[in-house]
Amino acid sequence: MILVKTIDELQHELSKLGANDSLGFVPTMGALHRGHLSLVEQSVANNTHTVVSVFVNPTQFNDPKDLERYPRTLENDLKLLEPSACNIVFAPSAGEVYPEPDLRKFNFGKLEEVMEGAHRPGHFNGVAQVVSKLFAMVNPDKAYFGLKDFQQLAIIKNMVKQLQLRVEIVPCAIIREESGLAMSSRNELLTAEQRENAKIISETLFKAKELMGQKSVEELVKWVLETINKNPFLNVEYFEIVDDEQLQAIKSWDEKNTKVACVAAFCGKIRLIDNIVLN
Ligand code: AMP
């Protein structure tokens, strides 16, 4: 495994690949955990070479405090990646990725008007800026994204379509802690007491899936909001049950599409997201 920090170094390493090699790519913001490593494992299993990027992208943070407190643990990340058989770790500086401000404005229509898009203005534009740049630098055959960031995955697929890129986007299952809490770099910022209470978020989603047949959509939404919010450590920012393609709130269980229940909740100052496929 080799660590590179510049685009020149990256492209020098990539130039060693042969015509029959295949390249998998896992973009991350570091502070790696088993969720990230599961993406790396899938890339390693399905490609001759794998690049993992570690870059805390400033343009996708709408809250400067969130950017400031985001964990940065490159040394430990390298230790975690070492046994994974990943070939190249690309950890550029902000100046390397943005030698000048990125003025591009993407338009994702309805997809960005809901949930994360509605609550984090500019977030998905920043995600699209960095991922499109990283795709241009790495030029992967396949790129691996977690279903934990369900809306992000829809945005990336849409971006690939709009830009007519040849990369295949591979969705990967959510990896959870034993308690059910979805793994996240932000979990490291929780106190032990907060972490214990944060598991209520996933517990409530699992229960919601069971209750689906017994309540209307409206009743279930109300029940989830009340159940999470009655925990004094938690405060729901949004909970929505949406279709898996356009990500629009559904009104009735009779609608045909796959239905996904998505939540964002604050645990103290830390914002956590999770989701579950209901059918
Ligand atoms: P991040 O470092 O948070 O930007 O995440 C990098 C990638 O890892 C994204 O595609 C995430 O969706 C994915 N990821 C983060 N947490 C998990 C998890 N618990 N399970 C599966 N994938 C995850």
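**Exercise 1. Start with one salt bridge: which residue pairs with E116, and how far apart are the closest N and O atoms?**

Solution. In this predicted model, E116 forms a salt bridge with R271, and the closest N and O atoms of the pair are 2.9 Å apart. Check this against the cut-off: a Lys or Arg side-chain nitrogen has to lie within 4 Å of an Asp or Glu carboxyl oxygen, so the pair qualifies. Next, place the partners on the chain, which is divided into domain 1 (2-172) and domain 2 (185-274). E116 falls in the range of domain 1 and R271 in that of domain 2. Finally, count such bridges: two salt bridges are found across the interface of domain 1 and domain 2.

**Exercise 2. Describe the contact between the two domains.**

Solution. Begin with the spacing: the centres of domain 1 and domain 2, taken over C-alpha atoms, are 26 Å apart. Domain 1 gives 21 residues to the contact and domain 2 gives 19. Now turn to area. Between them the domains bury about 1800 Å², with 62% of it on carbon and sulfur atoms. On the domain 1 side, R69, M115 and F150 lose the most area to domain 2, together 33% of what that side buries.

Then add the polar part: five residue pairs are in polar contact across this interface, both residues at pLDDT 80 or more. Helices α3 (64-69), α6 (115-119) and α8 (150-163) each supply at least two residues of the domain 1 side. By type, that side divides into nine nonpolar, five polar and seven charged residues.

**Exercise 3. Which of the 17 residues around the ligand come nearest, and what polar atoms lie close by?**

Solution. First list the nearest residues: H36, G146, D149, I175 and M183. Next take the side chains. A polar side-chain atom of D149 is 2.6 Å from a ligand oxygen, and one of H36 is 2.9 Å from an oxygen atom of the ligand. Last comes the backbone: a polar backbone atom of M183 lies 2.8 Å from a ligand nitrogen.

Key:
Residues numbered from 1 in each chain as written. Predicted model: local features only at pLDDT ≥ 70, side-chain atom pairs only at ≥ 80, totals over all residues. Heavy atoms only, no water. Domains from an automatic or database assignment. Contact = heavy atoms within 4.5 Å. Buried area = accessible area lost by both parts, 1.4 Å probe. Polar contact = N/O pair within 3.5 Å; in protein donor to acceptor, adjacent residues only side chain to side chain. Helix = DSSP H or I, 4+ residues; strand = E, 2+ residues; numbered from the N terminus. Nonpolar A, V, L, I, M, F, W, Y, C, P; charged D, E, K, R; others polar. Near = heavy atom within 4 Å.
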